[in-house]
Amino acid sequence: MKNILITGGAGFIGCHVVKLFVKKYPNYNIINLDSLTYAGNLENLTEIENAPNYTFMKADICDRERVKEVFEKYDIDGVIHLAAESHVDRSITNPFEFAQTNIMGTLTLLNQAKISWKDNYTDKLFYHISTDEVYGSLGAEGFFLEDTPYDPKSPYSAAKASSDHFVRAYKNTFGLPIVITNCSNNYGPNQFPEKLIPLFINNIRNNKPLPVYGEGLNIRDWLYVEDHARAIDVVFHNGKLGDTYNIGGFNEWTNIDLIKVICKVMDKKLGRTKGTSEQLITYVTDRAGHDMRYAIDSTKLKEELGWEPSLQFEEGIEKTIDWYMDNQEWMDRIVSGDYQEYYKKQYNQ
Ligand code: NAD
Ligand code: DAU
């Protein structure tokens, strides 16, 4: 029996990782530690909440006593660390919160792992989930590789970069067994509707303006969230200790082209005349310091561990839109309350 601590398991990517591990590995105890910020939602986990190998603990990763408690109570031998503040726009308005959670929270977990595992690092692993944004922004050519120098440009990516550095520092200084992955933009079910794809699906459904930052020409590399969860499974079990792996979809889109695809699919699903949803596109003030292009080269992960994306984007986006249309109550519950305040401030509406 392995006791695996997954942090941030009530969030978008975390819930897919938790579901995959709970179902695929009945001999593992999965402990999901999440403080349930606005982005955490236990509804994402109803299908496994009663599984005998699953435990939820509501706690903050910055709370040293609670982190110590979880390591001691469950005799943790593996950590998959996803908990973070994850939205770039929020990091621009509230950078301190990002430094606290993403840096201090990661440090708190690392230090407890070091203390709890001090006598024996055998069969232990601290797996840190990071982002391609730590590498900064690309021009028209090239890809992020594992040895691309760090050049974070937003408070979010600066905090994530700092957490990556702490993880490597704990490897170099204390010998902690670690692995890091840096992934590109995820999309799929259960994503909080502050992020581009679920936000735009919801706005189209409600005939609200689609706020495109700048000229809509920024480029992102999109990966279906379940493919990311599969990659995490592969790296957790077979990744080389101390290494970094990039994860991406080889699937680049300018925002505006991606938005037009969503509009087209939504017109069809909603029985609207072709072109109706595109009329909602509204160009708004650009994000401050907006990174131009991200593109991941995930060749290392493919060649060393045999992982590659399974879904073509056309199939993935169709599945994603279907999920949001079939789960409108999930969305409606989220976009009430605090979300309204956030939306007013972010989009001056
Ligand atoms: P998310 O915002 O949807 O979920 C984050 C989760 O962490 C939530 O459940 C939240 O309640 C929890 N959390 C936040 N602060 C916490 C704290 N102090 N203590 C305990 N729990 C806390 O994020 P996501 O999109 O699922 O991202 C998960 C991880 O993957 C993050 O580390 C992010 O940097 C990384 N990542 C995300 C993407 C992406 O496209 N979404 C891509 C690459 C990497
Ligand atoms: O690359 C990985 C990163 O992808 C993750 O580390 C982050 O946690 C995740 O949030 C995501 O960051 P982005 O900033 O790329 O994602 P977001 O969905 O916020 O924006 C995608 C693109 O769409 C970006 O170029 C900004 C643009 N955008 C976004 C919003 C919310 C708009 O044009 N309008 C919007 O309203």
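Let me start with the open sheet of 7 strands, which in this predicted model runs in the order β3-β2-β1-β4-β5-β6-β10, with parallel pairing. At its edges stand β3, residues 54–58, and β10, residues 244–247, and because each of these has a single partner strand, one side of each is left without a neighbour in the sheet. If you follow the sheet across, neighbouring strands are turned by 20° against each other on average, with direction ignored.

Helix α1, residues 12–24, packs on this sheet, where it touches β1 (2–7), β2 (28–34), β3 and β4 (78–81), and the direction of the helix makes about 160° with that of β2. Helix α4, residues 95–116, lies across β1, β4 and β5, and runs at about 165° to β5.

One pair of strands here is worth showing on the screen, namely β5, residues 125–131, and β6, residues 178–183, which pair in the parallel sense over 6 bridges. Within that pairing, F126 is the residue that stands opposite I178 in β6. As a general reminder, the strands of a sheet pair through backbone hydrogen bonds, and they do so either parallel or antiparallel.

Let me turn to the other sheet, which is also open and has 3 strands in the order β7-β9-β11, with mixed pairing. Its edges are β7, residues 185–187, and β11, residues 252–254, and since each has a single partner strand, one side of each is left without a neighbour in the sheet. The twist in this sheet averages 50° from one strand to the next. Between β7 and β9, the latter being residues 219–224, the pairing is parallel and extends over 3 bridges, and N186 stands opposite L223 in β9. Helix α7, residues 225–238, packs on this sheet and touches β7 and β9, its direction making about 70° with that of β9.

Now to the ligands, beginning with ligand 1, which is surrounded by 28 residues, the closest being I13, D34, S86, Y156 and K160. Which classes of residue make up the shell around ligand 1? There are 13 nonpolar, 12 polar and 3 charged residues. The largest share of that shell, 3 residues, comes from β5.

Several backbone atoms come up against this ligand: a polar backbone atom of S35 is 3.1 Å from a nitrogen atom of ligand 1, while a backbone N or O atom of T37 lies 3.0 Å from an oxygen atom of the ligand. N186, which we met opposite L223, has a polar backbone atom 2.9 Å from an oxygen atom of ligand 1. On its own, ligand 1 has 830 Å² of accessible area, and the protein covers 96% of that. The elements that give two or more residues to its shell are α1, β5, α5 (155–174) and β7.

Ligand 2 is surrounded by 26 residues, and the closest are T131, D132, Y156, R287 and Y347, so to speak of its shell by class, we have 11 nonpolar, 8 polar and 7 charged residues. Among the elements, α3 (88–93), α6 (196–205) and β8 (210–213) each supply at least two residues of that shell.

Which atoms of the protein lie 2.7 Å from an oxygen atom of ligand 2? One is a polar backbone atom of S86, and another is an N or O atom in the side chain of R220. Y347 has a polar side-chain atom 2.6 Å from an oxygen atom of ligand 2. The accessible area that ligand 2 has on its own is 690 Å², of which the protein covers 95%.

How values were computed
Residues numbered from 1 in each chain as written. Chains lettered and ligands numbered in written order. Predicted model: local features only at pLDDT ≥ 70, side-chain atom pairs only at ≥ 80, totals over all residues. Heavy atoms only, no water. Pairing = 2+ DSSP bridges. Helix = DSSP H or I, 4+ residues; strand = E, 2+ residues; numbered from the N terminus. Axes fitted to C-alpha atoms, helices over the stretch in contact; angles between N-to-C directions. Contact = heavy atoms within 4.5 Å. Near = heavy atom within 4 Å. Polar contact = N/O pair within 3.5 Å; in protein donor to acceptor, adjacent residues only side chain to side chain. Areas by Shrake-Rupley, 256 points an atom, 1.4 Å probe, with all protein chains shown as cover. Nonpolar A, V, L, I, M, F, W, Y, C, P; charged D, E, K, R; others polar.
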